[in-house]
Every structure is written in structure tokens, then in C-alpha cells.
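Colleague: I should like to learn how one reads the pockets and the ligand surroundings of a protein model. May we begin with the pocket?

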Amino acid sequence: MKKVLAVVVLVFSFTVTIHAEDGYRLWLRYDKIDNPVKLAGYSNAISGVKFIGNSKTIELAEEEFLTGLMGLLDKQIPVVSEIERDGVVLAGTLNNLPELNQLLSNKVDKLGEEGYLITEGKLNDKKAILIVAGSDIGVLYGTFHFLRLLQTQQDISAINIESDPKVGIRVLNHWDNLDRTSERGYAGFSIWDWHKLPDYLIPRYTDYARANASIGINGTVLTNVNSNALVLTEQYLKKVKSLADVFRPYGIKVYLTARFSAPIEIGGLETADPLNEDVRNWWNEKVKEIYRFIPDFGGFLVKANSEGQPGPQNYARSHADGANMLADALEPFGGVVMWRAFVYSADDKDDRAKQAYKEFKPLDGKFRKNVLLQVKNGAIDFQPREPFHPMFGAFTNTNVMMEFQITQEYLGQATHLVYLAPMYKEVLESDTYAKGKGSTVAKVIDGTLQDYPVTGMAGVANIGTDRNWTGHTFGQSNWYAFGRLAWDHELTSSEIADEWIRMTFSNKESFVEPVKKMMLESRENTVNYMAPLGLHHLMGWDHHYGPGPWIKDKGRDDWTAVYYHRSDDEGIGFDRTETGSNAVSQYFPEVRDKYASLESCPEEFLLWFHHVNWDYKMKFDRTLWNELVMRYYDGADAVKGMQETWNALKDEIDNERLERVKMLLKIQRDEAVWWRNASVLYFQTFSKRSIPDGLEKPDKSLEYYESLKFPYAPGIRPTW
Ligand code: GCW
């Protein structure tokens, strides 16, 4: 009896382990559809599968489809060779499906390389579901889309979908170092196990590629922008090649960061001057070598003359000189240069927010066609809220691409639930007025406004070795949202959250609705408890963890907090109008005027653009001080609300993820109160006004908060 029991226990615990909801499967879970009506409907509608084509990509698409259907429908759908009954899903390129030419060529021809159609058609007098594209990768994307429809329990009768990515280069930026640390990474170490590459290929590489392909991401920059030239040596290129080989069938190109001083560091030259013949030759040869290993290499991402990185200005050359040298080397192979605009100098005493525009605007038109300027969403640095970067819309003859941050460096890192789609959308929907009303940042980025030949959107990845990839389960939603928006910036935050929740957790409305609401409000809550009303750069020193509005005297003013909030006895905020730094003048007149006037400046950007008196009357008749305090309290209270929402869902999902999120929400709540208390106490030393009645008073002193140290907070490079 005892023996039997032991066996039962063993079998039971094994089953539990293999079915553990540890988050590894992301949004590609394919568990059986729990709605009997839907399940029966899909099972009846799909009778067979036929994928045509003989590439690895088509093989993978078919495999994905069969695995997906097997899981979702809990039934083996046969692979058929002929269409002999209704309900066969037929997938392939039009080239491989000439019988569909007449029916679909009009539509398919209109699609770009990666687009696809999902529609119905009659073949042999039988009704078939068609997934058709111009390329095998398009077929793979269409396959994932079809599976998503089932995962989210959509209606597939009379299906008719056309999809084409709006942006060309949809790329993750890994700030990963060769020693496997990850700068601003909060989900463990880098997933690239450089030491064991190229021979040791772990399943995670394939799963990474699958996950990215499922949301349309088609590129990855493997290495940190604070770069190491070693990755360009033969020893490492072999490793890079092995990853590129894994990613290729999923439509993912590999890119590397190019350290500007590489010709000196690994090439033995004495200079890295971009106009020097030897230097140019060195890069030409290096690029040829890279393409010998990786024939579809995407190109380089470069951080130059920024935060200590070498660059063309070391040789009194311009950013255009530097970028063009690399662009010329890459051009014969179809590669691109993503040249970062995140530059600001320790010597320039002008407002940091103005420096990138000042540096690059005069160079508009001077860059090669295969160069993209990669611009962060705002002019400072991925703060919880920034107005859109004035460079968007200002470049008519230079490709400008977007850089978003997915890793939550300034938004609670991997312990806060902050859904970022609303932040991305806020920026994409901002109107630059570059060509009059309706000149949104999205239209700049997708190239339609200014006819950019090459377009791109980058996201600084939040992926690491943690079993669930992103540290926080909800961090997955930000990876997901980035990919979906890079493909189609017209999707709403709510639509994306809806898809993600259904695929990741459950289709039950009783779960979807409250979680969606919580996600949609989460970013605003975080802005409130960290940096309300346009405040920015208030975080802890160096590791950027926790509040640090008191940070000052750090060698560089623009790395302190006091430089940005400028609190004094009178008020708070950075005057960026004509009476101050005049950063507003970098925007087009309509935007400039709106931000420049205290009356028309939206409250969410008030202290970004204005130094405002503590007693200034805000909307709802509150003084600025009272409003500021209220925001901090509202933000922290909202996290309590998130906890309540989550706790009420305890019977809706698996215990494992439920408990993990619960623990993290507790951390988030405590940290929100910490941000609130530390910030209010600190700003109170200037305002000398009291915390409005009825609000719980901070239980610790300002000195206490200032004394906290976190030498081992994650995400900093050991050498940084
Ligand atoms: O926000 C800062 C980060 C740095 C980062 C830099 C950048 C990679 O704190 O860690 O360096 O931005 O974007 O280059």
C-alpha cells in the first residue's frame, strides 16, 4: 500500500511539475479551448491542413499550426494532400499556389514582402480557409495570426483578413554584454550563452525566435549599445552566425552594435577616424567578413559620442561622417546603420533635452539612404512620461526610427506591473504638426509623412534567463505590445491587452475585463506615484532603483535630479519656455505654442515645461502643491486597488502565476508608498506647505529615505 502511495505521489508531483504554469510558454500556450461551443465550432470548421512550400519556414509554420491545433482543439487534424472536403486550411505563397492566382493575385500583389491574407475560397468545389502571402515568412505570420484567432476565441466564419506591417525594421535591442550581464536587465542574465556558442544551442533560442515571429518582430540586436568590439572578431562572429542560423527561418535578422573604436581595439590601427582610408578599408573588410558568416546580416546599431562611448567627434568629424562610413560598407549587402540620437554632452551647458536636436538637425539630408537615426521616444531618457521627442517630424531627408524601452528601467523594473502600450501609443499618436494637423509621430515612423525609404521601430528588450523570460509575468505583455505595435501602430492598447490576457491567462470575461482595466490604468498610476505632472529624472543614483529626488553634486549636472525638478521656495519645474531653456522652440509652432503657455500646456507636462509656483491654481481649484501631493497619494492608492482586483481573481487562474503576481503587487505597493513618502517629504522642504488633511502621514523621515543604499540592485554593468 505504501509503495502504491509512493508511486502515486511521484506520478502526481511529476505531472504537476511538467504542467507548472511557470510562464515559459508566454502567449503561445495552446491549451484546450475551454468554451465547448467555440471548441465544437472550430473543430467542425477545420477538417485538414495543407502547407505548400519546401523551406524550413514553411515546415516550421506547419509544425506550429499542427501543435497549436492539437493543443487548442485537443484533436489531431490530418495533413491532407488533396482538397477533398470542406474546411481544409491551405497555406503557402501564391507562387506555390498558382490555382489561387486568379482569385487572390490582386490582393497579394498589394501586400509587402511580409504581409498575408487569411480568407476563404473554393477549391475543387470545396470551401477552404486560405493563408496566402507573397513570401514564406508572410505565411508564417499568417499562421500565427490564425492561431491567435482561435486562442482568443474569435469568430472565424467568413474570415477575411489582410495584414501588412506598417514599419519595416521591427527590432529588439538587447543591452546584453559578452559576460552575460545585461545592462538595465531585470530578468536574470543575458539569454546568449556566449561561452558555449556556437556549438551549444539551447531550446530557448528557438523559443525566443518563435515568440518574436508570432508578433512580427523581424530583427534582434544581440549586444549592448555600450559596446564591446570583441563581438566583431572571428571568434565571436562564429557564435553570432550560429544564432543567426537558428533565427533565420523565423524571419529574424541579426544585428550587432559596432564599437566605433573597433579598428583600434581589434584592428591594430592607430585611429578610428571615419575619413581615414585605412579605417574605411578596415570596416569594409570587416563587413565582408560578417556577410561571409551571415549572408542576411541586418547591420549595425551605434551609440557614438554619448555617455563616454567613442565616436566620430573624437576626430572632429560629424555623426554623418561616422554613420556614412559604416553605411557605405554595408550598402552592397543591403545592411543598414541604426545610428542613435541619444547624445548629450558633459561640456554643453544647454538643457540636455535640446542637445540631440541641436546636434542632428543641421545634418538632415547628409546621411546615406541606409542610415536610420534611432530616436528615443522623448528627449531625455525613457522617463515614466515625456512629451514626444522634437526630432520626430523635423527630418525630411533622413530616416528617423523610434526607440522605445520595454525593460522598465524607470518604471519599476521587474517588480512593478506597468503595461506600456498606453505610453507607446501616447507618443505615436502625438501630433508633431510637421505638415499641419494630423502629422502624428506614427506617420513619421511608418514613413508615410516624409517618404522615408527605410522605416523602423526598436524596443530595448526586457528578456533574460528568468524562467518566465521577463521577471514579471506582466512584463511579457510589454514585449508583446511592442511587437504588435511595431507591426500595426493603429491597434489600441485595449485590443492588445485583450489579446495578450486571453492567450496568456484565460478567455473568461470575469478575468479578462478586470485585468484589462488594471493594465490600462497601470502606467498612469506609476506616473502618479513616481513622477507626476511632468516631473522627471527623480530616480535613485546609478541603479535607477527607487526614488532619489535629492540626488545632486554628481560631477555632471544632467545626471542629477535637482537639475530637472529645480525646486525652490517659489515653486518647482523646468522652465523650457523662452524665459528658460526655450526647448519648446524645437517643436513646430502649434506644438510649441501649446506647451509654452502655462494655460494651454497639458497638466501632465506642466513641470516638464514650466517652473510653477507652489500656489498656482490647477484644474479643480487645487494649488500646485496640493495637486502634486494628491497625485502621489492617488498613485500609491491605485496600487492597493490593483491588489484588490488581483486577489479577487484567485479562482480564475493557476495558483502559481496568481501567487507570483500577488507577491510582486505587494512589492509594488510598498515601493509606491516609498516613492510617495520620500518624494512628498523631500519636495515639502521647499514648498514648506503641509500635507493636506485626511492623508496618511509618512511614517519615516526624509533622512531615513535618503540613507537607503542598494549596492546590489540589478541591471548595472559591473564596469559601468
Ligand atoms: O538611460 C540610460 C541608461 C543607460 C543606457 C543609456 C542609453 C545603454 O541608464 O544604461 O546605456 O540610457 O540609452 O544609451
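Modeller: Certainly. This model is predicted. In the largest pocket, β6 (169-173) and β8 (253-257) each supply at least two residues of the lining.

Colleague: How is empty space found, and about how much space lies in the largest pocket?

Modeller: Rolling a probe the size of a water molecule over the atoms shows where empty space is left. Here, the largest pocket holds about 520 Å³ of space.

Colleague: How many residues line the largest pocket, and which of them lie nearest its centre?

Modeller: The lining consists of 23 residues. Those nearest the centre are Glu113, Glu114, Gly168, Asn218 and Lys253. By character, the lining comprises eight nonpolar, seven polar and eight charged residues.

Colleague: Let us turn to the ligand. How many residues surround the ligand, and which are the closest?

Modeller: The ligand is surrounded by 15 residues, and Glu183, Lys303, Lys376, Asp381 and Glu409 are the closest. This shell divides into eight charged, four nonpolar and three polar residues.

Colleague: Which side chains place an N or O atom by an oxygen atom of the ligand?

Modeller: One looks for pairs of N or O atoms within 3.5 Å. In the side chain of Glu409, such an atom is 2.5 Å from a ligand oxygen. For Arg184, a polar side-chain atom lies 2.8 Å from an oxygen atom of the ligand, and for Asn226 the separation is 3.2 Å.

Colleague: How much of the ligand's accessible area does the protein cover?

Modeller: On its own, the ligand has 340 Å² of accessible area, and the protein covers 99% of it.

How values were computed: Residues numbered from 1 in each chain as written. Predicted model: local features only at pLDDT ≥ 70, side-chain atom pairs only at ≥ 80, totals over all residues. Heavy atoms only, no water. Near = heavy atom within 4 Å. Polar contact = N/O pair within 3.5 Å; in protein donor to acceptor, adjacent residues only side chain to side chain. Areas by Shrake-Rupley, 256 points an atom, 1.4 Å probe, with all protein chains shown as cover. Nonpolar A, V, L, I, M, F, W, Y, C, P; charged D, E, K, R; others polar. 1 Å grid on protein atoms, 1.4 Å probe; cavity = no way out; pocket = protein on both sides within 12 Å on 5 of 7 lines; lining within 4 Å. Points joined across faces, edges and corners; volume = space filled by probe spheres on them. Helix = DSSP H or I, 4+ residues; strand = E, 2+ residues; numbered from the N terminus.
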